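Student: Got a minute to walk through this one with me? I'd like to go over it piece by piece.

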Amino acid sequence: ESTRKELIELLNKNKGHISGQELSNQLGISRTAVWKHMNELKKDGYEIEAVQRKGYKILSYPDKISENTLRWGLDTKWMGNELYHYDQVESTQEIVHQLAKQGKPHGTVVIADEQVKGKGRMARNWDSPKGKGIWMSILLRPNLPPLQAPQLTLLAATVLAKLIAENSDLNPQIKWPNDLLINHKKVSGILTEMQAEQDTIQYIVLGMGMNVNQGEDEIPEKIRYKASSLKVEGGHDWNIQATIQHILRLFERTYDVFESQGFETIKKEWEHFGYKIGEEITISTMKETWKATLIGIEPDGALRARRRNGREEKLYSAEIHWGEGGYH
Ligand code: BTX
């Protein structure tokens, strides 16, 4: 198992072909053993080219997502340098919390094909069916005061919205603070969990869930009226593996901009995708529910809304809904 992993890594590192002899030297196994491993890889769906006197080269990876396939061609600086993939987990959030406590670095990523106890906010659940979406958590160790942590949620939402807008005709919108909607239905949610001590953030676990290839009947009936997937809205399947890599790249780039220039650039992008900006909605806080017009977000990421009596308020935590019967 570990030889196989090393073998894939060697093949990965090499842009051209790598000879059987070289592989046998580096791995400390016989050339026959190398050859046997190659056959195993082919059986698993790797397409491997063997050229006389030049050696082996991976032409393509199996469809099945794995740590190797995710790392292949991932040209990021810090995002996903440590990357873990699981077939099934309770929640990727919990795994990243554990990894954080073990001291894993900023940019550590955990991805699962399926979550059996996917978490939403406030102990709600997040439906994460096998192989149908992106269920991923990222460990961040930002140098920020805890009060600014919500900016990272907005940043993540902006990244996902940009990704969809750049790769389809769909029109993603961000519902403050953390939902991504297409045609008024939720396709993605973000869960930011913070471990802080007094005025420093120890770490943040940023969870992103995105419904990708569910057909309409694969979305739980209970939430079908308000939830959707990229496939349902766009009419075709997406390559989950490529999309994950794309998110990691775009996230890294956006985060680097955020780190060097502050929230201002992100704020503009967020507002470009902002849902119901300028429209009247209903806001619920712990204390009350009221009608308001959404104005936009503040330089620190808080929501700005205007009451019917004209008074403006700045909100750090609230639920927004609209239409009959509410929504969340
Ligand atoms: P949220 O609390 O805003 O949304 C949860 C609510 O959304 C649920 O109560 C339900 O009504 C609805 N819902 C549940 N599943 C889905 C779904 N697949 N698509 C659309 N609507 C749904 C949003 O919480 C934050 C979700 C974060 C999920 C990621 S996945 C990776 C990481 N691991 C983990 O356990 N959570 C995060």
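Student: Where does Gln-151 sit?

Tutor: Gln-151 belongs to helix H6, residues 150-167. Helices here are DSSP runs of H or I with at least four residues, strands are E runs of at least two, and both are numbered from the N terminus. Keep in mind that this is a predicted model, where local features need pLDDT of at least 70, side-chain atom pairs count only at pLDDT 80 or more, and totals for chains, interfaces and linings use all residues. Residues are numbered from 1 along each chain as its sequence is written.

Student: Is Gln-151 buried or exposed?

Tutor: Gln-151 is buried, because 24 other C-beta atoms lie within 10 Å. The cut-offs are 20 or more such atoms within 10 Å of its own for buried, 12 or fewer for exposed, and partly exposed in between, with C-beta atoms placed from the backbone.

Student: What does Gln-151 touch, leaving out residues up to four places away in sequence?

Tutor: Phe-263 and Gly-301. Contact means that the C-beta atoms, placed from the backbone, lie within 7 Å. Pro-299 is 148 residues from Gln-151 in sequence, yet their C-alpha atoms are 9.3 Å apart in space.

Student: New topic, the ligand. How many residues surround the ligand, and which are the closest?

Tutor: There are 28 around the ligand, and the closest are Ser-91, Gly-120, Gly-189, Gly-207 and Gly-209. A residue is near if its C-beta atom, placed from the backbone, lies within 6 Å of the molecule.

Student: Which elements each supply at least two residues of that shell?

Tutor: Helix H5 (92-101) and strands E5 (133-140), E8 (185-197) and E9 (200-211).

Student: And how do the shell residues divide into nonpolar, polar and charged?

Tutor: Eight are nonpolar, 14 polar and six charged. Nonpolar covers Ala, Val, Leu, Ile, Met, Phe, Trp, Tyr, Cys and Pro, charged covers Asp, Glu, Lys and Arg, and the others, Gly among them, are polar.

Student: OK, strands now. Which way do E10 and E11 run?

Tutor: E10 (residues 280-284) and E11 (residues 289-297) run antiparallel, joined by five bridges. Strands pair if DSSP finds at least two bridges between them. A hairpin of four residues links E10 to E11, and Glu-280 stands opposite Thr-293 in E11.

Student: What about E10 and E14?

Tutor: E10 also pairs with E14 (residues 319-321), antiparallel over three bridges. There, Ser-284 stands opposite Glu-319.

Notes:
Contact = placed C-beta atoms within 7 Å.
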